[in-house]
Amino acid sequence: WVVMALARMGRGDDAWECFSLLNPVRHALNAEAAETYRVEPYVIAADVYGAGPRTGRGGWSWYTGSAGWLYRSAVEGILGIRQQGGRLHVEPALPQAWDGFEAEVRHGERRLAISVTREDGGYAVTVDGRRLEDPSAGYDPDDMV
């Protein structure tokens with residue numbers, strides 16, 4: 001939830017930092033990190049302790065709700081891609097170190113190619129090669145058929 005809130009506030013660096021803290025891969029980069037984390041590095045832990053003698057240890061692994069929310073925080077929060085009411089919205093909150101990204105999403109039977117690049121303090125968003133002038137307003141992919 002915090003990752004999504006930070007992304008909605010436009011705080012891409014903070015959202016990415018929190019996402020990285022939760023990402024189990026980051027907790028298994030070496031033997032020492034894995035020993036501290038002490039849960040499976042291939043599933044999402046619902047908790048990562050932040051204080052006391054268990055700092056850095058994961059808890060409540062295999063808690064599937066956490067996996068879904070971490071996925072949504074990456075796709076909908078940081079990348080800013082969401083579909084709502086038949087419209088595609090692309091409102092990223094990227095960390096400063098990222099120049100942009102490319103993604104492919106399904107809309108019904110169609111595959112849509114999304115490209116996001118930094119431009120003039122904001123983002124340039126294209127879908128299937130067409131620039132979205134106001135990505136926050138959404139885009140109806142069926143208008144392009």
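**Close-up views of a predicted model**

**View 1. Ile 81 faces Val 90 across a two-stranded hairpin.** Look for Ile 81 and you will find Val 90 of strand 4 standing opposite. As everywhere in these legends, this is a predicted model. The pair belongs to an antiparallel arrangement in which strand 3 (residues 81–84) is joined to strand 4 (residues 87–90) by four bridges. Two residues sit between the strands of this hairpin, and Gly 85 takes a positive phi near 60 degrees there. Ile 81 turns up again in View 4, as one of the contacts of Phe 101.

**View 2. The whole chain, for orientation.** Before going further in, here is the layout: the chain has four helices and eight strands. Read from the N terminus, the elements go α-α-α-β-β-α-β-β-β-β-β-β. The C-alpha trace spans about 55 × 35 × 25 Å along its principal axes. Of the 145 residues, 34% count as buried. As for contacts with a separation of 6 or more, 32% of them come from residues 24 or more positions apart.

**View 3. An open sheet of four strands, in the order 5-6-7-8.** The pairing in this sheet is antiparallel. Strand 5 (100–107) and strand 8 (130–131) are the edge strands; each has a single partner strand, so one side of each goes without a neighbour in the sheet. Strand 5 pairs with strand 6 (residues 110–119) over eight bridges, in the antiparallel sense. Two spots help to trace that pairing: Gly 100 has Thr 117 of strand 6 as its bridge partner, and Arg 106 stands opposite Arg 111 of strand 6. On the other side of the pairing list, strand 6 and strand 7 are also antiparallel, with six bridges between them. Here the marker to look for is Arg 118, which stands opposite Tyr 123 in strand 7.

**View 4. Phe 101 and its surroundings.** Is Phe 101, a residue of strand 5, buried or exposed? Its relative accessibility is 12%, and the cut-off for buried is under 20%, so Phe 101 counts as buried. What is Phe 101 in contact with, once its neighbours within four places in sequence are set aside? The list is Leu 79, Ile 81, Pro 92, Leu 94, Ile 114, Ser 115 and Val 116. Ser 115 is worth picking out: Phe 101 and Ser 115 are 14 residues apart along the chain, yet their C-alpha atoms are separated by 6.0 Å.

**View 5. Two turns of the sheet, each with a positive phi.** The hairpin of strand 5 and strand 6 has two residues between the strands, and Gly 108 takes a positive phi near 65 degrees in it. Strand 6 and strand 7 make a hairpin too, again with two residues between them. In that turn the residue to look at is Asp 120, whose positive phi is about 45 degrees.

**View 6. Helix 2 against helix 4.** The axes of helix 2 (residues 12–22) and helix 4 (residues 64–78) come within 11 Å, crossing at roughly 160 degrees. Angles over 145 degrees count as roughly antiparallel, and helix 2 and helix 4 are therefore roughly antiparallel to each other. The crossing of helix 2 past helix 4 is left-handed. On the helix 2 side, the contact is made by Ala 15, Trp 16, Phe 19 and Leu 22. Helix 4 brings in Leu 70, Ser 73, Ala 74 and Ile 78. How do the residues of this contact divide into nonpolar, polar and charged? Seven are nonpolar, one is polar and none is charged.

**View 7. Arg 38 and Asp 128, two loop residues with a positive phi.** Arg 38 isn't a glycine, but its phi is positive, at about 60 degrees. You'll find Arg 38 in the loop between helix 3 (31–37) and strand 1 (45–48). With a relative accessible area of 51%, Arg 38 is exposed. Asp 128 is likewise a residue other than glycine with a positive phi, near 50 degrees. Where is Asp 128 in the chain? Asp 128 has its place in the loop between strand 7 (122–127) and strand 8. Its relative accessibility is 32%, so Asp 128 counts as partly exposed.

Methods:
Residues numbered from 1 in each chain as written. Predicted model: local features only at pLDDT ≥ 70, side-chain atom pairs only at ≥ 80, totals over all residues. Heavy atoms only, no water. Pairing = 2+ DSSP bridges. Buried < 20%, exposed > 50% of the residue type's maximum accessible area, 1.4 Å probe, protein only. Contact = heavy atoms within 4.5 Å. Axes fitted to C-alpha atoms, helices over the stretch in contact; angles between N-to-C directions. Parallel < 35°, antiparallel > 145°, perpendicular 65-115°, else oblique. Left-handed = near helix turned anticlockwise from the far one by under 90°. Nonpolar A, V, L, I, M, F, W, Y, C, P; charged D, E, K, R; others polar.
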